[in-house]
Amino acid sequence: MADTQDNRPGEEEDDDEEIDDASYKTIKDAVLFAIDISTSMLQRPAPSDDKKAERDSPASAALKCAYHLMQQRIISNPKDTMGILLYGTEKTDLKDGDNTFQHCYLLADLDVPSAQDVKQLRDLLENEEEAEEILKPAKEAPTIASVMFCANQIFTTKAPNFSSRRLFLVTDNDGPATVKQDKDTAITRARDLYDLGCTIDLFPISKPDHGFDRTRFYDDLVYPTSPSDPDAPVAIATTTKIAKSGDGLTLLKQLLSSINSKAAPRRALFSLPLELGPGMRIGVKGFILIKRQEHVKSCYVWVGGEKPQIVQSSTSHMADDTARVVEKTELRKAYKFGGDTITFTPEEITQIRQCYGEPIMRIVGFKPLSLLPLWANIGKATFVYPSEADFIGSTRVFSALQQKLIKSKKMALTWFVARKNASPVMATLIPGEERYDENGEQTMPPGLWLVPLPFADDLRQCPEQLAEPRTTDELTDKMRIIVEQLQLPKGVYDPSKYPNPDLQWFYRILQAMALEEEVPTKPDDKTLPKYKQINKRAGEYITEYGEEFEKVFATVAHSALSSRPKAAAKKRPAAAAADDDDDEPKPKKRIKKETKVKNEDGDDGLTDQQMAAINDKGQISKQTVAILKEYLGARGQAISGKKADLIDRVQEYLENKGL
Amino acid sequence: MASKEAAVYILDLGASMGEKRHGREVSDLDWAMEYVWDKITTTVATGRKTALMSVIGVRTDDSDLAGIMPVDDGYENITVFSPLKQWLLSDIRGLQGQVKPSSTNNGDILSAVAVAVQQIDATTTGTTGKPLKFDRRIIIVTDGRGTLDTGDLAQITSKLKDYAPPVEVVLLGVDFDDADSGYKEEEKDAQKEDNETTLKEFVEQCDGNFGTLAEAIEQLAIPRIKDVRPTPSYRGTLTLGDAQTYDATVTIDVERYPCIMIAKPPSASSFVVRTDLGGVGASAQSSNTVVGDDDHPMDGQLSAVRNQRVYQVDNPDEPGEKMNVEPDDLERGFEYGRTAVHISESDANVVKLENDPSLQLVGFIRAEDFERFMSMSRTNFIVPQKANAQAQLALSSFIHALYEAECYAVARIVVKQDKAPLLVVLAPHITPTYEALVEAELPFEEDMRRYKFPSLDKKLTISGKTITEHKDLPNAELTQAMSDYVDALDLSEYDKDDEGEPTDYAKIEDTYSPMLHRVNQIIRWRATHSDPTLPLPDPPQILTRFSAPPPDLLQQAEAQLETLKQAADVKKVPPKTKGRGKRSRADRDKPLSGLDIDALLGNPKRVKIDANNLVPSFKQALAATDDLDAIQDAADAMAAQIRTLIRASVGDSAYGRALEALRVMREELTELEEPEIWNVFARELKNELLDGKLGGDRREMWWMVRGSKYGLIDRKRCFASDVTEEEAVQFYK
């Protein structure tokens, strides 16, 4: 065993006992796309001049969706697997040299997607010749039963112990089995899949002349509940219709929207009793609907071989005194206290953490929603929905509560213990109304949102402020016009309009590097303000505001300045005091009415020139840490580390500036 | 950073302190020490080197001034227990042995104050002879039953006030009369009454604080909140428009400070029990250690833990094998799907989006339509740059404009160079003393999970019809009962403020973090109660105050609650049927159409286990029969397949499938209440795996079985099992 002591930063053992919800989402998910390749699925819409007209055949729309989902899952669920199975193709290839399943073509094996998979799929979508070769319907299509069994085998071998396994079936054929015997076999094979723990998610597509009738065949194959989410009813995907020319809503868009709502398997974060009063409990489940999506953390790559390989690391614990390897069970937790340690037995630790009783969501009382200020927020909210698993009748009681809270604009103050060992929090349950888009698709589910509240211990003081100057009514009015001019569409914030620019950029670069393609240079950042529009819509009002500001400031400035405390100056080195007037270290973008930073406030510390002078004299190590930190901080540089680090950083900074 | 502190505790240890008075169960001294220990341990817990403490006992049997001054006349019966220094756990333990009532009542509190002043003076004076910047405090705890010599009082008082800031004197009297709280001790003896007056006058003259011990102990229950000096997380401009391209833009110099920051309980570190202590007395050195340990039972027995990491990759030459690699051969990279993307040190910034620090307004939204659950972070204040009148005026107009227009702003913030931009909501926050914007993060498109949930106010049938009467929908009676109950349990005017006006109950300012204060309480308690057999104390009542509705309000709402229960008619699912298998065929899950598939297949009596369809055929085989032999046959066939899988596995290639088969088998047999069939197999399998009977070294497979906890089914999991929980745990070893 390699005897390496790892001392790289950021890899110390995490000491926090709090379990965050990350450990709960580790449910592994496998999705197998099965796309029907038939003449009708490959039928392209008639060419049209209309830009919004349909361009994709159902099969290519399905492939585009798969492509989209694959890229999205690399970002959002990097550990989950995905595969694409085409059935009804002339070619047969299951990547295992086996020809048991004729006319099934495994485009991408069920695995965590690789850059190659992404590239192959994209090439297929872009390169028509290649596409024609693969996307060629067989004269005799395989039975749907054998497709089901093929999926069964793929799931069994490639995703044996995944807790969520889903078959996404895209087809326009609502009656693939005509003979009773074939139909019976298909039904049996579908049940095998269900018993295996796989869900069939059907994404039906209507033909132009014929709607998709689920009852003809598929209702015998699809089950109302999913094994990984037993008591929440599955929302059934709507049928995608081939759009008439020019109606804007393309097949691709509809299909994407259906598939997006199933992109990640739904799984409850917790399942708890909600106590409305003594002896009055119902069952609820919590779901994470909002969570900051971060990009993958960097990992170690081994470059000693032909191809870079991801390194798996494992940690073992070692006693510091004897260098003996110790098992996890031998570890004891101790608190540092007064130069010594204070220990508790594991039983005592349990007793300390669990002294507030069983996990529960207990309503303490009700308050108007207006008593929940925006500042009282410590993190994301959790969506809460009723469950009948423990208490029959939960749904109707929950529904009554939700409707009452919406109607009276109230919230429920709640004592919330999420799990055993979890710290209790005060939280409030606020009602969430069901919302739909213009096509009647649900955009916000109905339920309650659990918003955790801060405790008195978490409140921080706002820094003290001078009593003057304050705005005047006239000045406020001028600003108010600007505010009213620059409303976002419909006056609401719509997250779907703002992809995370950092995340998108990261994966665009990573994808390009993985495929060894040219790295893009210009990010597409939708979060940047629309400067042109701002200027057009509010430019003149801003100018008016500027004029009013000058006027008001002239009258208040005098009194404000005189009431200012004697320069709240920090310690400044003598060198800095020498030239006090022209040391503006960073250029300020501002219009004429804006202020120059008052220099005697000393907030900006030394200028670059001064620091360079000190450095040249070799006196930089004589500066105090506070001065160095202030200097670095004012330039957006890191201020962590020891004094030597700070000095290095200052010198590096000066060097980059050419000083 | 808090300033330096020097605190001297003067403890009255006179014989009279040993008595139990006024029906209390503890002696006056023990009662007083509750307060003193709490204060001392709180200071020790901060671990601050600049928080100095000392303890002086007065009315002690002996006299020992530790050389601070000679034991002159009038300074007898005073003991200086500790120099003025940072206290450690060992100091606490040391003091514990010394704090007990003496057998004398001689000794003068005021002399002790003089000693304390001397001690403070000696420690907090700089080398130049000037007093250093310190917060100085003297805390006196006494029952006022000693004798006092007031001769030097004026001199002491003036000395105390000499310092800047003056020494703060705190006097805590046991059963002192107190006009503020209205306490008056009955049948007080005359000397105590005199002493009380003297001491209170003394405290008044040096502008100190006086309180009764009862009050002080009551206040201990209120958790202390740590003050943190605000530090800005962003300093820059709030801008509207692009000042580089357009003339008409607004720029305000602002700073960003935390508004909410979660206070976390102290975290424990990992240690391991030392094993090298076994040979006690084997060498002089180790017996020394053991002797040392007697004083601090917790010290010396734990050793720190170091982490050792091992790096492995798949061996390119031998598929299925892993090999260790040296950290020196490793570079940074990222995973894109299962592809490793190597990024050399020099390219590290290529994945970063370049951004200058900024706070830019994107647009405005209506406050009323803002979904409160959209704010997904702790909050910050945005305030004008300090002492910048223009910035303050401009931000003030902006805050008021938002307030009057009933709008929030959406803005894009980049906190530091090249940090990822975030979208935030800005809300006006106006108080009598300050004006600010409150900022919270908003979700991006990728942060929203678009799950769909069925409606709560209507039901859709499969055919698409809407129905409004259903067991999952509340009827008129339930709706009314809920409405009445919610209104009855309203907290918005339940509490009373200082003027007795109705006010909001359970305000955030009144709620204390239960876990934070619980952990702190227990650590402090253990510091002074090292006996491991003592039961841990319960959490103080103030931490559980808001864990349930206020009892009297609940009582008022009793009728409404009763009506609600009637109308709701909620039934608990009996534990027996919950999660139990769908044993009879009729109960099996059916597809959407409700088709009975078994009937379709002619209800076969026996289903063969099919190696290519292992899990489903096993489940179907069990569902087809109630016959024990048939179950045993199915289990045997399944077991045989599992063995085959393991035997045929190249490396760990088939372990996953075998594990899944084990899981299903274990679960199904638990549900069928046939744990014995499983347990017999599990024991056999364990031995076969460890003895290498399944095609070579299969220990790795055993580790996986163990890790997945697919061991014996014990009594807790299934009542029919004869395996105890203890045995089940042993099985894994």
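A residue is buried if 20 or more other C-beta atoms lie within 10 Å of its own, exposed if 12 or fewer, and partly exposed in between, with C-beta atoms placed from the backbone. The model is predicted: local features need pLDDT of at least 70, side-chain atom pairs count only at pLDDT 80 or more, and totals for chains, interfaces and linings use all residues. Residues are numbered from 1 along each chain as its sequence is written, and chains are lettered from A in the order in which they are written.

**Exercise 1. Profile chain A: burial, secondary structure and confidence.**

Step 1. Take the burial. Of the 659 residues in chain A, 39% are buried.

Step 2. Count the elements. Helices (H or I, at least four residues) and strands (E, at least two) are DSSP runs, numbered from the N terminus. Chain A has 15 helices and 22 strands.

Step 3. Check confidence. pLDDT is the predictor's confidence in each residue, from 0 to 100. The average for chain A is 79, and 83% of the residues score at least 70. Residues 560-604 of chain A have pLDDT below 50, and this stretch has 61 contacts in the model beyond near neighbours in sequence. Two residues are in contact if their C-beta atoms, placed from the backbone, lie within 7 Å.

**Exercise 2. Describe how chain A meets chain B.**

Step 1. Count both sides. 223 residues of chain A contact 212 residues of chain B.

Step 2. Find the main contributor. Helix α11 (residues 531-562) of chain A gives the most to its side, with 13 residues.

Step 3. Sort by class. Ala, Val, Leu, Ile, Met, Phe, Trp, Tyr, Cys and Pro count as nonpolar, Asp, Glu, Lys and Arg as charged, and the others, Gly among them, as polar. The side of chain A that touches chain B has 115 nonpolar, 61 polar and 47 charged residues.

Step 4. Look for strand pairing, which requires that DSSP finds at least two bridges between two strands. Strand β12 (residues 331-337) of chain A pairs antiparallel with strand β10 (residues 269-273) of chain B, over four bridges. Here A:L331 has B:V272 as its bridge partner.

**Exercise 3. Place strand β2 of chain B among its neighbours.**

Step 1. Assess cover. Strand β2 (residues 51-58) of chain B has eight of its eight residues buried.

Step 2. Split the faces. In a regular strand the side chains alternate between the two faces of the sheet. B:A51, B:M53, B:V55 and B:G57 point one way, while B:L52, B:S54, B:I56 and B:V58 point the other way.

Step 3. Add the parallel partner. β1 (residues 5-12) of chain B runs parallel to β2(B), joined by eight bridges. B:A6 stands opposite B:L52. From β1(B) the chain crosses through helix α1 (residues 28-46) of chain B to β2(B).

Step 4. Add the antiparallel partners. Two bridges link β2(B) to β4 (residues 85-86) of chain B, where B:Q86 partners B:L52. Three bridges link β2(B) to β3 (residues 78-80) of chain B, where B:V80 partners B:I56.

**Exercise 4. Locate two non-glycine residues with positive phi in chain B and classify their exposure.**

Step 1. Take B:E673, with a phi of about 60°. B:E673 sits in the loop between α17 (655-671) and α18 (675-690) of chain B. B:E673 has 15 C-beta neighbours inside 10 Å, so it counts as partly exposed.

Step 2. Take B:K709, also with a phi of about 60°. B:K709 sits in the loop between α19 (699-708) and α20 (725-731) of chain B. B:K709 has 10 C-beta neighbours inside 10 Å, so it counts as exposed.

Definitions and conventions
A crossover is right-handed if, with the strands pointing away from the viewer, the path from the first strand over the helix to the second runs clockwise.
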